Each structure stands twice: as structure tokens, then as C-alpha cells.
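Q: Please take a close look at a single part of this model, and then at what lies around it. Keep it brisk.

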Amino acid sequence: KLCPLNGLPQVPWQWVDSPQYPILFVGQAPGKTEALTKVPFTGDAGKMHFRLMKEAGLDKRNLVHTNLVSCPPPDDREPTQEEQNCCSERLKGEIHYMKPDLIVALGGCAIKALTGVDLKVTQARGEFYPLLPSWEYECKVLACLHPSFVMRQRQWIEFAVEDLKKAKRWFHGDIETHDAPNFRLDPTRE
């Protein structure tokens, strides 16, 4: 009731009983088409996402998709921090229910919300980051380009496909991830 998006159509996550891989794809927000279909990634960006996943050997219909917020912000804008905060318990519940081995963050907004990494999406993409402790769950997050970005910047298609292939290879043990060392400038005695 406190959310500024209250009253707009809600788009629930797309759950599948036997996913191809235990991956949760997280976008930023549904759009106008998703508000009508009540299914994430069914608009133009969803069509691009389907194409990219197909080229990467992933089946979009057989993987779980959700968004940071479940209602479409006006004018297709990014969800505000307040809107994300209002929807964070819902997303946390989805993460805890699914218990994914890997989360794929689609776009800069999702990357920042899930990992705290505040880089340009073109710099963060293709890397594995730890999920922020505030989500109360431990798994890796693969930063990927959002399909709507790829639609506008077609020179990134090849990179988007390569990033999605990394998700598949990660499950086959072809990619090792290492946490970056956490250095403290002024360590305590402990």
C-alpha cells in the first residue's frame, strides 16, 4: 500500500516446475506488454531475450524469470529506490523459495540492487559477483546486459550471447569464480 506503483497491474514471476538450470533471471521492471500478459519478458525486450538465450543454448520457457519490481513504472522508466525497497521482500521471498545456484542480473539497475556494484553495465557485464548479504541468501550473480539495451545497441548482441553462455558453462564446471579479496585499510585487532 505504501508503494508509489500501488494500483498498477502486477506481473508475477514466471515459475517453472523443472527448470533447465537452477538460475533466476532478474530484470528491472515489467513493461506495458508484460502488464497485459502478466508474464515477464514478453514484450519487445522479451523477444530479444528469447533470441539471445536461444543462441546461448538456453530455453527461456524453461527458466525462471522475475523483476526487481512487479509493477510497470510509468513511461518505462527505471524503478526508483523506494519502489525497489517496497518490492524487495517479495523478491527476497522468490529467491528463498527457489534457492537458485546462480542469479543472472539483467541490466545495471538489477546488477546494482543485487550486488551493490555501481559500474556502467558495459563494464560490469560478464562478471560473477556475490549476492549482497541483505538478501539473506548466498549465491553468485552473473552481470548481463539487459535485452532492451541490446535492442538499442545491436553491436552488443555478440557480448550478450557470450555472457549468457557463461551461465550455462558455469553449471558444467567450465568456469571458476573467485571472490575478490576484501582488504581493510584500518583492520581492528580481531
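A: First, a cut-off: a residue counts as buried when its relative accessible area is under 20%. The model is a predicted one. The part to look at is strand β3, which covers residues 102-106.

Start with burial. Five of the five residues of β3 are buried, so the strand is largely enclosed by the rest of the structure. Now take the side chains by direction. In a regular strand, side chains alternate between the two faces of the sheet. L102, V104 and L106 point one way from β3. I103 and A105 point the other way. Both sets are buried.

Next, the strands that pair with β3. One partner is β1, residues 23-27. Four bridges join β1 to β3, and the two run parallel. Within this pairing, V26 has A105 of β3 as its bridge partner. Another partner is β5, residues 140-144. This pairing is parallel too, and it has five bridges. Here L106 stands opposite C144 of β5.

L106 also leads to Q28. Q28 sits in the loop between β1 and α1. Q28 and L106 are 78 residues apart along the chain, yet 7.3 Å separates their C-alpha atoms. The two residues touch. Leaving out residues up to four places away in sequence, Q28 also touches N67, L68, V69, R77, E78, P79, C109 and H146. Q28 has a relative accessibility of 18%, so Q28 counts as buried.

Q28 brings in the largest pocket. Q28 is among the residues that lie nearest the centre of that pocket, along with A45, D76, H146 and S148. The pocket holds about 570 Å³ of space. Its lining has 29 residues. By class, these divide into 12 nonpolar, 10 polar and seven charged. Helices α1 (32-37), α2 (44-56), α4 (108-115) and α6 (147-152) each supply at least two lining residues. α6 gives the most, with four.

Now turn to α4, one of those helices. Six of its eight residues are buried, so α4 is largely enclosed by the rest of the structure. The buried ones are C109, A110, I111, A113, L114 and T115. β3 is part of their cover, and so are its partners β1 and β5. The cover also includes α3, α5 (121-124) and β4 (128-130). G116 follows α4, and its phi is positive, near 85 degrees.

α4 takes part in another lining as well. α3 (81-98) and α4 each supply at least two residues to the lining of the second largest pocket. α3 gives the most, with seven. About 370 Å³ of space lies in this pocket. Its lining has 20 residues, and those nearest the centre are Q81, Q84, C109, K112 and A113. Nine lining residues are nonpolar, six are polar and five are charged. C109 is also one of the residues that Q28 touches.

Cysteines have come up, C144 of the β5 pairing among them. A disulfide is a covalent bond between the sulfur atoms of two cysteines. A search of the whole structure finds zero disulfides. For C86, the nearest cysteine sulfur is that of C3, 4.4 Å away, and C86 is in no disulfide. The cut-off for a disulfide is 2.5 Å between the sulfur atoms. C86 is partly exposed, at 38% relative accessible area. C139 is in no disulfide either; its nearest cysteine sulfur belongs to C144, 13 Å away. C139 has a relative accessible area of 12%, so C139 is buried.

One last stop is I157, in helix α7 (residues 157-171). Its relative accessibility is 12%, so I157 counts as buried. Its contacts, leaving aside neighbours within four places in sequence, are M48, R51, L52 and V150. I157 and L145 are 12 residues apart along the chain, and their C-alpha atoms are separated by 9.2 Å.

Back to β3 to finish. Its residues are buried on both sides. β1 pairs with it over four bridges, and β5 over five. β3 in turn helps to cover the buried residues of α4.

How values were computed:
Residues numbered from 1 in each chain as written. Predicted model: local features only at pLDDT ≥ 70, side-chain atom pairs only at ≥ 80, totals over all residues. Heavy atoms only, no water. Buried < 20%, exposed > 50% of the residue type's maximum accessible area, 1.4 Å probe, protein only. 1 Å grid on protein atoms, 1.4 Å probe; cavity = no way out; pocket = protein on both sides within 12 Å on 5 of 7 lines; lining within 4 Å. Points joined across faces, edges and corners; volume = space filled by probe spheres on them. Nonpolar A, V, L, I, M, F, W, Y, C, P; charged D, E, K, R; others polar. Pairing = 2+ DSSP bridges. Contact = heavy atoms within 4.5 Å.
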